[in-house]
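Here is a quick tour of one model, taken in two stops. Have the viewer open and follow along.

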Amino acid sequence: DEFMSRIFEELDYRNEASNAAKFGELYSDRGGTAVATLPGGRGVRVPEILDGLCTENVLVMEWIEGTKLTDVGAAAAGEEKKFTAAEREENLALLELAIQCTLSQLLETGVMHADPHGGNLLKVPNDDDDDGKGSDGKSRLAYLDFGLLSTVPAQVRDGLVCAVAVLIFARDVDAVAGL
């Protein structure tokens with residue numbers, strides 16, 4: 001049963017460690033090979049896995065301090081959060097990066113984070129010891145939870161690109177917007 005096999009797959013921490021390493025090899029801001037396809041050539045933060053300490057039941061990784069994207073701009077109850085122009089620009093740049101990273105996963109590499117909800121995406125401070133290519137030098141995007149990583153076969157990726165191209169050439173704006 002597909003559902004149960006996915007549940008067991010997500011609970012296998014050796015598998016999750018392997019998934020995080022594979023995702024990091026592609027998209028990490030620490031030298032991912034697919035980073036050049038992302039806006040500004042900047043990658044995303046992927047927690048470093050401490051392989052020697054991991055087992056099927058224990059996963060040990062770097063702690064990443066940040067704010068869930070769902071909480072960015074959250075205000076106290078009854079208060080309206082007002083962003084400065086710089087904060088708004090930075091948050092939009094992080095969202096654009098998340099969208100571009102997802103499209104790259106789906107259409108270019110075929111290695112896709114299968115659970116990219118707002119709680120698994122963080123706005124994190126830009127470290128002083130990295131290459132300084134944060135969204136504007138202040139924050140980066142981090143991905144968490146690699147329990148499920150999907151593989152999109154090349155044939156499916158090609159089919160998606162062709163389907164979208166057909167809609168664009170047909171000038172079916174509503175269909176493209178509905179994707």
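What follows looks at a sheet with its packing helix, then at a group of aromatic rings.

## The sheet

Keep in mind that this is a predicted model. Its open sheet has 3 strands, in the order β1-β3-β4, and the pairing is antiparallel. At the edges sit β1 (67-68) and β4 (139-143), each of which pairs on one side only.

Strand β3 (residues 121-125) is joined to β4 by 5 bridges, and the two run antiparallel. For a spot to zoom in on, try P125, which stands opposite S139 in β4.

## The helix on the sheet

Helix α3 (residues 85-109) packs on this sheet and touches β3 and β4. The direction of α3 makes about 35° with that of β4.

## The aromatic rings

Now for the rings: the structure holds 3 aromatic pairs. One of them is F23 with Y27, a tilted pair at 5.2 Å centre to centre with 40° between the planes. Both residues belong to helix α2 (residues 13-27), where they are 4 residues apart, about one turn of the helix. F23 and Y27 are both buried.

F23 also pairs with F146, again tilted, with 5.2 Å between centres and 45° between the planes. This pair links distant parts of the chain: F23 is in helix α2, while F146 is in the loop between β4 and β5 (149-151), 123 residues apart.

Why does F146 count as buried? Because its relative accessibility is 1%, and the cut-off for buried is under 20%. F23 is buried too, with a relative accessible area of 0%. Put together, F23, Y27, Y143 and F146 make up one aromatic cluster.

Technical notes. Residues are numbered from 1 along each chain as its sequence is written. This is a predicted model: local features need pLDDT of at least 70, side-chain atom pairs count only at pLDDT 80 or more; totals for chains, interfaces and linings use all residues. Side-chain values use heavy atoms; hydrogens and water are left out. Two strands pair if DSSP finds at least two bridges between them. Contact means heavy atoms within 4.5 Å. Axes are lines fitted to C-alpha atoms, for helices over the stretch in contact, and angles run from 0 to 180 degrees between N-to-C directions. Rings of Phe, Tyr and Trp (its six-membered ring) pair if their centres lie within 6.5 Å; planes under 30 degrees apart count as stacked, over 60 as edge-to-face and the rest as tilted. Buried means under 20% relative accessible area, exposed over 50%, partly exposed in between (1.4 Å probe, protein chains only).
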